[in-house]
Amino acid sequence: MIEGMTALYIFMLAAFTGYEIIGRVPAILHTPLMSGSNFVHGIVLVGAMVAMGHAETTLQLVIGFVGVALAAGNAVGGYVVTERMLEMFKSSKESN
């Protein structure tokens, strides 16, 4: 099991790395990048559910529930953005 300070260090390192990487992506590539990474949102959701499953106290359950809710919203939002992006590339044929 990872100790508290080690877990905090890994979290902070991952957050900083993610911010630096996403911050350098040109705006035109952001939506395709997000649509291609929707599977990551699903992995985050599974991780949040596993963490909630190991919760022992009420506070841990509440934090786990918030994590699951946010991860689910993130996954759904990723697919909504992908759908909107794909709609932009469909040809608009007028029917007579």
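1. Helix α4 is the main contributor to the lining of the second largest pocket, giving four residues. Here helices (H or I, at least four residues) are DSSP runs, numbered from the N terminus. The pocket itself has a volume of about 190 Å³. The elements that supply two or more lining residues are α3 (38-53) and α4. The full lining consists of Ala-48, Ala-51, Met-52, His-54, Ala-55, Glu-56, Gln-60, Ile-63, Gly-64 and Gly-67. For your own grid work: on a 1 Å grid over the protein atoms alone, a pocket is an open set of points where a 1.4 Å probe fits, with protein on both sides within 12 Å along at least five of seven lines, and lining residues have an atom within 4 Å of a point. Grid points are joined across faces, edges and corners, and the volume is the space filled by probe spheres set on the points.

2. A word on provenance: this is a predicted model, in which local features need pLDDT of at least 70 and side-chain atom pairs count only at pLDDT 80 or more, while totals for chains, interfaces and linings use all residues. Residues are numbered from 1 along each chain as its sequence is written, and side-chain values use heavy atoms, with hydrogens and water left out.

3. The overall layout is easy to follow: the chain has four helices and zero strands, running α-α-α-α from the N terminus on. Of its 96 residues, 14% count as buried (under 20% relative accessible area, with exposed over 50% and partly exposed in between; 1.4 Å probe, protein chains only). The accessible surface comes to about 7900 Å², and carbon and sulfur atoms account for 72% of that. These areas come from the Shrake-Rupley method with a 1.4 Å probe; for residues, only the protein chains shown count as cover.

4. Val-68 deserves a look. This residue lies in helix α4 (residues 58-88) and counts as buried because its relative accessibility is 17%. Leaving aside residues up to four places away in sequence, Val-68 touches Leu-45, Ala-48, Met-49 and Met-52 (contact: heavy atoms within 4.5 Å). The C-alpha atoms of Val-68 and Met-52 are 7.8 Å apart, with their positions 16 residues apart along the chain.

5. Val-44 sits in helix α3 and counts as partly exposed, at 45% relative accessibility. Its C-alpha atom is separated by 9.1 Å from that of Asn-74, 30 residues apart along the chain.

6. On the surface, Ile-2, Tyr-9, Ile-10 and Leu-13 make a nonpolar patch of about 410 Å². Patches are made of residues with over 30% relative accessible area and no salt bridge, nonpolar side chains (Val, Leu, Ile, Met, Phe, Trp, Tyr) being joined within 5 Å. Leu-13 belongs to helix α1 (residues 4-23) and is partly exposed, at 43% relative accessible area.

7. Finally, the structure holds one salt bridge (a side-chain nitrogen of Lys or Arg within 4 Å of a carboxyl oxygen of Asp or Glu). The side chains of Arg-24 and Glu-20 form it, at 2.9 Å, N to O. Arg-24 counts as exposed at 65% relative accessibility, whereas Glu-20 is partly exposed at 25%.

Definitions and conventions. Patch = residues over 30% accessible without salt bridge, like charges linked within 9 Å, V, L, I, M, F, W, Y side chains within 5 Å.
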